[in-house]
Amino acid sequence: LFVPKQVNALIDGEITLVVWYHGLGGFKGSTFERSWSQAEEVMSATGHTVALVIPEMPWSVNTSTPRGRQGRVWAGVNEGRDFINDSLKLLENVTGFSGRTNIIVVGHSAGGSAIASASAEGSICDLVPNMLTAVIWSDASYGSWLLRAHNGCLGKQARLENVDIKVVVRKWDTPHKKATQFFKRKGRRSIYHYMVLPRKRYTHTKIGNNILLILISDLFPPG
């Protein structure tokens, strides 16, 4: 869990907790540094208070067979929701803040599998009403993950009318091709915001290192 120093003095207002599902071979120094540096830039630019929590995924740098474990995360009953609730309790214990907390879930690269599994299991949508504000696919729509998530709780607009689901991809790469196929099949429903980034300007890694900043005006509006 990463928190800014100034959060200890925050009495009124809100905190945004970013739950970061890392990519293949992540959960290492560069994962923490690059993710937290984005949060710091957001705070500097917007005045919002941001905390960051990064769970270790089964495909982390510490595992020997990461690709074979992509379907195992958050498969148990309430696992995805319970992790976030435990993170909220930890945030309160560390900072003393017990006010309004907004939650943004980011899945970068293989982290899209975690979003898909959490949606298929369903309990992630049962967080305190309006606490979950955004779900971000950071060049993460591989395989059938976007469809699995859509068929799970995240595709039920009636339950999540206030949740902003953003699918960000690099043009022509696999996540772009799979997302385009999904939207052709399902249509661009109002719960999705699809963004295709130019290939020459962004690499896969650069998207992950800047996703909060790419979407800063939407995720962290004034006030």
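The legends below describe close-up views of a predicted model.

**View 1. The largest cavity and its lining.** The structure holds 1 cavity of 30 Å³ or more. The space within the largest cavity amounts to about 30 Å³. Its lining is formed by Trp137, Leu146, Ala149, His150, Leu154, Ile165 and Tyr192. Helix H4 (residues 145-151) supplies the largest share of this lining, with 3 residues. Sorted by class, the lining has 6 nonpolar residues and 1 polar residue, and no charged residues. Rolling a probe the size of a water molecule over the atoms shows where empty space is left.

**View 2. Trp137 and the largest nonpolar core.** The largest nonpolar core has 45 residues, and Tyr21, Ile84, Val105 and Trp137 touch the most other members. A second core of 22 residues lies apart from it, with Ala39, Val50, Ala134 and Ile207 among its members. In soluble globular proteins, nonpolar side chains tend to be buried together. Trp137 also belongs to the lining of the largest cavity. When residues up to four places away in sequence are not counted, the residues touched by Trp137 include Gly107, Gly112, Ile115 and Ala116. Trp145, Leu146 and Ala149 are also among the residues that Trp137 touches, as are Ile165, Lys166, Val167 and Val168.

**View 3. Helix H3 and its surroundings.** Helix H3 (residues 111-121) is mostly covered, with 9 of its 11 residues buried. The buried residues are Gly111, Gly112, Ser113, Ala114, Ile115, Ala116, Ser117, Ala118 and Ser119. They pack against three strands, E1 (14-21), E3 (100-108) and E4 (132-138), and against helix H4. Just after H3, Gly122 takes a positive phi of about 105 degrees.

**View 4. Salt bridges.** The structure holds 5 salt bridges. Side chains of opposite charge can pair when their charged atoms come close. One of the salt bridges joins Asp164 and Lys166, whose closest N and O atoms are 3.0 Å apart. Asp164 counts as buried because its relative accessible area, 17%, is under 20%. Lys166 is likewise buried, with a relative accessible area of 5%. Salt bridges that share partners link Asp164, Lys166 and Asp218 into one network. In another pair, the side chains of Arg170 and Asp173 meet at 3.0 Å, N to O. Both Arg170 and Asp173 are buried.

**View 5. The pair Arg81 and Asp82.** The side chains of Arg81 and Asp82 form a salt bridge, with a distance of 3.7 Å from N to O. Is Asp82 in this pair buried or partly exposed? Asp82 counts as partly exposed, because its relative accessibility of 33% lies between the limits of 20% and 50%.

**View 6. Ser35 in helix H1.** Ser35 lies in helix H1 (residues 29-46). Its relative accessibility is 3%, and Ser35 therefore counts as buried. Which residues are in contact with Ser35, leaving aside its neighbours within four places in sequence? They are Trp20, Leu52 and Ile54. Along the chain, Ser35 and Asp139 are 104 residues apart, and their C-alpha atoms are separated by 15 Å.

Key
Residues numbered from 1 in each chain as written. Predicted model: local features only at pLDDT ≥ 70, side-chain atom pairs only at ≥ 80, totals over all residues. Heavy atoms only, no water. 1 Å grid on protein atoms, 1.4 Å probe; cavity = no way out; pocket = protein on both sides within 12 Å on 5 of 7 lines; lining within 4 Å. Points joined across faces, edges and corners; volume = space filled by probe spheres on them. Helix = DSSP H or I, 4+ residues; strand = E, 2+ residues; numbered from the N terminus. Nonpolar A, V, L, I, M, F, W, Y, C, P; charged D, E, K, R; others polar. Core = buried A, V, L, I, M, F, W, Y, C linked by side-chain atoms within 4.5 Å. Buried < 20%, exposed > 50% of the residue type's maximum accessible area, 1.4 Å probe, protein only. Contact = heavy atoms within 4.5 Å. Salt bridge = Lys/Arg side-chain N within 4 Å of Asp/Glu carboxyl O.
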